[in-house]
Amino acid sequence: MLSEQAKQAIRDQMARYPCSRSALGAALYIAQQECGGHVPTPAIRDVAEVMGLEPADVQSTMSFYVMYNKEPVGRYMVEICHNVACAVLGARQLFEVMEHECGIHAGETSADGLFTLKGVECLAACGGAPALQINGIYHENVSPQQLTQLLGQLKAQSETPASIYNATYLPERTPRSGAG
Ligand code: FES
């Protein structure tokens with residue numbers, strides 16, 4: 001399932017920690033990138049084998065954190081913060097845009113496979129609320145009109161932009177940007 005390159009990337013991460021098990025989070029990111037945005041069962045087994053863990057250990061860590069996807073996701077993972085600052089400043093309207101433009105609610109993927117929507121807790125961008133991420137890239141102070149425009153641009157794009165879901169193996173910190 002996982003390529004030798006991905007397995008080596010996991011070993012490289014293990015070598016960075018005094019306790020190799022501490023690399024499990026990074027290993028799951030690597031597996032998720034390798035598999036196009038989610039971590040299927042064969043990849044869980046491969047991570048466990050490379051790290052000398054039981055698959056159940058890997059599974060339990062993965063299921064604890066919301067950033068690891070258990071099911072296939074769309075080309076664009078849209079994560080809208082619904083915590084206090086964003087809720088007060090218009091997160092609900094952004095969810096409504098997703099429903100209107102893509103026909104999806106939180107936890108769903110659009111019929112065309114382009115968009116998956118997640119409602120997430122604080123993105124640590126409260127000063128730019130309402131905030132969201134698309135494939136790991138921040139957008140802050142997003143109005144419903146800006147989100148509509150952004151979705152239109154993404155629908156028109158044939159290439160997926162570099163992101164934590166399709167970049168080379170480890171998540172780079174992505175620069176924050178305004179929505180428009
Ligand atoms: S409450 Fe939305 S980023 Fe903090």
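Q: Which residue just after α2 takes a positive phi, and of about how many degrees?
A: This is a predicted model, so everything here is read from computed coordinates. Look at the spot just after helix α2. The residue there with a positive phi is G36, and its phi is about 80°.

Q: How many of the 11 residues of α2 are buried?
A: Helix α2 is mostly covered. Its buried residues are L24, A26, A27, L28, Y29, I30, A31, Q32 and Q33. That brings the number of buried residues in α2 to nine.

Q: What covers the buried residues of α2?
A: Buried residues of α2, Y29 and I30 among them, have other parts of the chain packed over them. The cover includes three helices, one of which spans 41-51. Those helices are α1, α3 and α4.

Q: Which element gives the most residues to the largest nonpolar core?
A: The largest nonpolar core has 28 residues, and I80, M98, F115 and L147 touch the most other members. At least two residues each come from β1 (76-81), α6 (91-102), β2 (115-120), β3 (132-134) and α7 (144-156). With six residues, the element that gives the most is α6.

Q: Which residues from 74 to 78 does F115 touch?
A: F115 is among the residues of the largest core that touch the most other members. Leaving out residues up to four places away in sequence, F115 touches M98, C102, L151 and L154, among others. In the stretch you asked about, the partners are G74, Y76 and V78.

Q: How many residues are in the second, separate core?
A: Besides the largest core, there is a second one, separate from it. Its members include M14, L24, A27 and Y68. L24 and A27 are also among the buried residues of α2. The size of this second core is 24 residues.

Q: Which residues does S20 contact, leaving aside neighbours within four places in sequence?
A: S20 sits in the loop between α1 (4-14) and α2 (24-34). Its C-alpha atom is 9.4 Å from that of G52, although the two are 32 residues apart along the chain. With the neighbours within four places set aside, the contacts of S20 are M14 and M51.

Q: Is S20 buried, partly exposed or exposed?
A: The relative accessibility of S20 is 29%. Buried would need under 20%, and exposed would need over 50%. Because 29% falls in between, S20 is partly exposed.

Q: Which residue forms a salt bridge with D57?
A: D57 lies in helix α4, while its partner lies in the loop between α1 and α2, so the pair ties together parts that are 36 residues apart in sequence. Their closest N and O atoms are 3.9 Å apart. D57 is partly exposed at 24%, and its partner also counts as partly exposed, at 40%. That partner is R21.

Q: In which helix do E96 and R92 both lie?
A: E96 and R92 form a salt bridge, with their closest N and O atoms 2.7 Å apart. R92 counts as exposed at 54%, whereas E96 is partly exposed at 37%. The two are four residues apart, about one turn of the helix. The helix that holds both is α6.

Q: Which residue meets R11 in a salt bridge?
A: A search of the whole structure finds three salt bridges. R11 takes part in one of them, with an N to O distance of 2.9 Å. R11 itself is partly exposed, at 34%. The side chain it meets is that of E4.

Q: Which residues make the nonpolar surface patch of about 320 Å²?
A: One member lies in the loop between α4 (55-64) and β1, namely Y65. Y65 is partly exposed, with a relative accessible area of 39%. The full patch is made by F64, Y65 and M67.

Q: Which residue does a cis peptide bond join to A129?
A: Most peptide bonds are trans. Here, though, omega is about 0° for the bond after A129. The partner sits in the loop between β2 and β3, and the residue is P130.

Q: N135 and N141 both have a positive phi; what is the relative accessible area of N135?
A: N135 has a phi of about 50°, and phi of N141 is near 50°. N135 lies in the loop between β3 and β4 (137-140), and N141 in the loop between β4 and α7. N141 is partly exposed at 48%, whereas N135 is buried, with a relative accessible area of 2%.

Terms used. Residues are numbered from 1 along each chain as its sequence is written. This is a predicted model: local features need pLDDT of at least 70, side-chain atom pairs count only at pLDDT 80 or more; totals for chains, interfaces and linings use all residues. Side-chain values use heavy atoms; hydrogens and water are left out. A nonpolar core is a set of buried Ala, Val, Leu, Ile, Met, Phe, Trp, Tyr and Cys residues joined through side-chain atoms within 4.5 Å. Buried means under 20% relative accessible area, exposed over 50%, partly exposed in between (1.4 Å probe, protein chains only). Contact means heavy atoms within 4.5 Å. Patches are made of residues with over 30% relative accessible area and no salt bridge: like charges are joined within 9 Å, nonpolar side chains (Val, Leu, Ile, Met, Phe, Trp, Tyr) within 5 Å. Accessible areas come from the Shrake-Rupley method with a 1.4 Å probe; for residues, only the protein chains shown count as cover. A salt bridge is a side-chain nitrogen of Lys or Arg within 4 Å of a carboxyl oxygen of Asp or Glu.
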